[in-house]
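Me: I would like a close look at one part of this model, namely the charged side-chain pairs and how they sit relative to the strands around them. Please take me through it carefully, in connected prose.

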Amino acid sequence: MARRKYEEEHENHERWLVSYADFITLLFAFFVVMYAISSVNESKYRVLSDSLGNAFGQTRTQQTKPVSPPPILPLPSKTLIHKPRITEAVRREREQMTHIARNILKVLAPLVSEGKVRVTQTAWGVSVEINASLLFALGEAKLTDESSQALKAVAAVLKNDQHAIRVEGYTDDLPISNVIFPSNWELSAMRASSVVRLFGDNGIAENRLTAVGHGSNEPVDSNETATGRARNRRVTVTILSALPEVVTEVPVNANPKN
């Protein structure tokens, strides 16, 4: 038999094109994925993820809920941050209270210099603190002659005014018990009433006056010493502001320029 001669197979020099085409396809897919990730589009991202999962034979078993970014709150406007404006009525009331305080300070100047009277302008008005030793004898509620003259001078300043006046009596913590005053409550209330009665007798309308007795409550000094107890025995006359405002306590200038 004649021998069959096989022709030698020719080598395929174009086989590299297959690998090149696969590489180009993968590179294209990579850029598509990068573009899809960089684009903030939830629906496109989900479609691409499903497509890639199906292509690689994987199914999505759980759908994660996308986390939405927190809302961006606008910065507060500078116009919203402001201090409360003092109204014209408040300004006038404050000036009137200062005027009353200076007039009282003027008529009681000798007693202020002796430390027996303190005049203070507060958020509630003008407070005049008078030591009880100036007004009354120990354990009594009858005004002395000296104190009557001083209180009449205060009444002269206030009688043409329209502000309400609150008179408060205070004692020390030493107990008192007699026929007239069974306790410090009665003593402090009677002392406040004595001042109110004098004011009424000297031109101040009674509907503006209030008398309050605090007994030994609200001490301003220690009751452990004689000096502290003397300080706690006092009467406070407060001219109430018609428009009280929240302010810090401001001492009245003892030497006003005008």
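Reply: In this predicted model, Glu-114 forms a salt bridge with Lys-116, and the closest N and O atoms of the two are 3.6 Å apart. Lys-116 is partly exposed, because its relative accessible area of 31% lies between the 20% limit for buried and the 50% limit for exposed. Side chains of opposite charge can pair when their charged atoms come close, and by the rule applied here the count comes to nine salt bridges.

A second pair is formed by Asp-161 and Arg-208, whose closest N and O atoms are 3.8 Å apart. This pair links distant parts of the chain, since Asp-161 lies in the loop between helix H6 (145-158) and strand S3 (165-170), whereas Arg-208 lies in the loop between helix H7 (184-201) and strand S4 (209-213), 47 residues apart. Both partners fall under the 20% limit for buried: Asp-161 counts as buried at 11% relative accessibility, and Arg-208 counts as buried at 7%.

A third salt bridge joins Asp-172 to Arg-233, with the closest N and O atoms 2.5 Å apart. Here too the pair links distant parts of the chain, with Asp-172 in the loop between S3 and H7 and Arg-233 in the loop between helix H8 (226-232) and S5, 61 residues apart. Asp-172 is buried, with a relative accessible area of 6%. Elsewhere, salt bridges that share partners join Glu-88, Arg-91, Arg-92 and Glu-95 into one network.

Turning to the strands, S1 (residues 117-122) pairs with S2 in the antiparallel sense over six bridges, and a hairpin of two residues joins S1 to S2. Within this pairing, Thr-122 has Gly-125 in S2 as its bridge partner. S2 also runs antiparallel to strand S5 (residues 234-240), to which seven bridges join it, and in S5 the bridge partner of Gly-125 is Leu-240. Gly-125 therefore has a bridge partner in each of two strands, namely Thr-122 in S1 and Leu-240 in S5. As for the surroundings of S2 (residues 125-131), seven of its seven residues are buried, so the strand is largely enclosed by the rest of the structure.

Definitions and conventions
Residues are numbered from 1 along each chain as its sequence is written. This is a predicted model: local features need pLDDT of at least 70, side-chain atom pairs count only at pLDDT 80 or more; totals for chains, interfaces and linings use all residues. Side-chain values use heavy atoms; hydrogens and water are left out. Buried means under 20% relative accessible area, exposed over 50%, partly exposed in between (1.4 Å probe, protein chains only). Helices (H or I, at least four residues) and strands (E, at least two) are DSSP runs, numbered from the N terminus. Two strands pair if DSSP finds at least two bridges between them. A salt bridge is a side-chain nitrogen of Lys or Arg within 4 Å of a carboxyl oxygen of Asp or Glu.
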